[in-house]
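Here's a quick briefing to read with the structure open beside you. It goes topic by topic, so feel free to click along.

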Amino acid sequence: MMMQLLHTSWRGAALVALTALAGCAGQATEFHRYTLPLADQRAPEPGVSLPDSAPTVAVSSVRLADYLDGQGVVYQTSDIEVNEAQANLWADSLSAQLTRSLQRTLSGRLKDHRVLGETLAGDRADTGVRVSLSRFQGRYDGMAVLAGQYQLRDAGGNLLTQQPFEIERPLDDDGYPALIRTLSQGWESVGEQIADEITQQEQKAMMTESARARTTPADST
């Protein structure tokens with residue numbers, strides 16, 4: 001009736017057992033639907049009091065590995081096997097939730113920037129943000145795991161930087177609610193990394209422009 005659990009920590013075993021129990025024959029299945037904290041709320045209105053000259057950041061929809069792009073929360077039962085939960089589901093598209101959450105984090109960290117979705121930003125974006133996720137799941141040893149990479153591009157679409165990330169955090173408790181909250185915390189830290197990188201790239205561009213201005217001879221009349 002229940003899959004044979006691997007010899008793992010009690011937290012990881014409890015996480016796997018939750019979904020296994022849901023599939024036991026003769027039992028009514030109770031569905032649980034989850035959202036990332038704050039991701040189900042609208043992102044703050046971007047830069048309503050900012051001047052027209054404020055830099056604009058365009059956030060593309062977060063791309064997911066195929067096995068993550070489903071309704072069920074994903075958990076990893078061994079070093080090579082993953083399963084999608086049948087009764088513990090995302091209440092909304094995971095990509096949409098991650099994108100909204102990322103916009104909120106960037107807006108909070110880059111208060112003098114307009115942070116918009118790629119469609120709203122159009123061709124006004126000074127910096128474009130693209131993120132792809134290869135891992136966003138619970139793991140058999142009681143860890144929440146995130147991995148992927150992000151790209152920053154300038155107004156002309158040229159690649160400024162491409163950085164990988166990998167985060168592992170222990171769950172504070174067993175069960176899916178603890179997993180969702182821990183994954184959300186990890187995702188917020190990714191957004192903070194991206195915000196810091198945007199700031200560094202802007203400072204680098206300013207220094208480059210300043211150095212170019214100093215080395216360019218004045219026009220003679």
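## Around Thr161

Setting aside residues within four places in sequence, Thr161 touches Tyr150, Gln151, Leu152, Glu197 and Gln201. Keep in mind that this is a predicted model. Thr161 sits in strand β9, which covers residues 159-170.

- Is Thr161 buried or exposed? Thr161 counts as buried because its relative accessible area is 10%, and the cut-off for buried is under 20%.
- The side chain of Thr161 also makes a polar contact with the side chain of Gln163, at 3.0 Å.

**The β8–β9 hairpin**

- Strand β8 spans residues 143-154 and pairs with β9 in the antiparallel sense, over 11 bridges.
- If you want one pairing to look up, take Gln149, whose bridge partner in β9 is Pro164.
- Four residues lie between β8 and β9 in this hairpin. One residue to check in the turn is Gly157, which has a positive phi of about 85°.

**The nonpolar core**

- In soluble globular proteins, nonpolar side chains tend to be buried together.
- Here, the largest nonpolar core has 38 residues. Those with the most contacts inside it are Leu98, Leu106, Val129, Leu133, Phe136, Trp187 and Ile194.
- Several elements each supply at least two residues of this core, among them β5 (82-90), α2 (94-109), β7 (127-139), β8 and β9.
- Helix α4 (176-215) is on that list too, and α4 gives the most to the core, with nine residues.
- Which residues does Ile194 touch, not counting those up to four places away in sequence? Ile194 touches Leu102, Leu106, Val129, Val131, Tyr150 and Leu152.
- Two of those names should look familiar: Tyr150 and Leu152 are also in contact with Thr161.

**Aromatic pairs**

- The structure holds two aromatic pairs.
- Tyr34 and Tyr176 are stacked, at 6.5 Å centre to centre with 25° between the planes. This pair links distant parts of the chain, with Tyr34 in strand β1 (residues 32-34) and Tyr176 in helix α4, 142 residues apart.
- Tyr34 is buried at 14% relative accessible area, and Tyr176 is buried at 0%.
- Trp90 and Phe136 make a tilted pair, because their planes are at 40°, with ring centres 6.3 Å apart. Trp90 is in strand β5 and Phe136 in strand β7, so this pair ties together parts that are 46 residues apart in sequence.
- Both Trp90 and Phe136 are buried.

**Salt bridges**

- Side chains of opposite charge can pair when their charged atoms come close. How many salt bridges does the structure hold? There are five.
- Arg100 and Asp92 form one through their side chains, at 3.2 Å from N to O. Arg100 is partly exposed, at 23% relative accessible area, and Asp92 is partly exposed as well, at 34%.
- Glu166 and Arg135 form another, at 3.1 Å from N to O. Glu166 lies in β9 and Arg135 in β7, so this pair ties together parts that are 31 residues apart in sequence. Glu166 is exposed, with a relative accessible area of 55%.
- Asp141 and Arg139 also form a salt bridge, with their closest N and O atoms 2.9 Å apart. Asp141 is partly exposed at 32%, while Arg139 counts as buried at 12% relative accessibility.
- Arg139 and Asp141 are joined with Glu168 into one network by salt bridges that share partners.

Notes. Residues numbered from 1 in each chain as written. Predicted model: local features only at pLDDT ≥ 70, side-chain atom pairs only at ≥ 80, totals over all residues. Heavy atoms only, no water. Buried < 20%, exposed > 50% of the residue type's maximum accessible area, 1.4 Å probe, protein only. Polar contact = N/O pair within 3.5 Å; in protein donor to acceptor, adjacent residues only side chain to side chain. Contact = heavy atoms within 4.5 Å. Pairing = 2+ DSSP bridges. Core = buried A, V, L, I, M, F, W, Y, C linked by side-chain atoms within 4.5 Å. Phe/Tyr/Trp six-rings, centres within 6.5 Å; stacked < 30°, edge-to-face > 60°. Salt bridge = Lys/Arg side-chain N within 4 Å of Asp/Glu carboxyl O.
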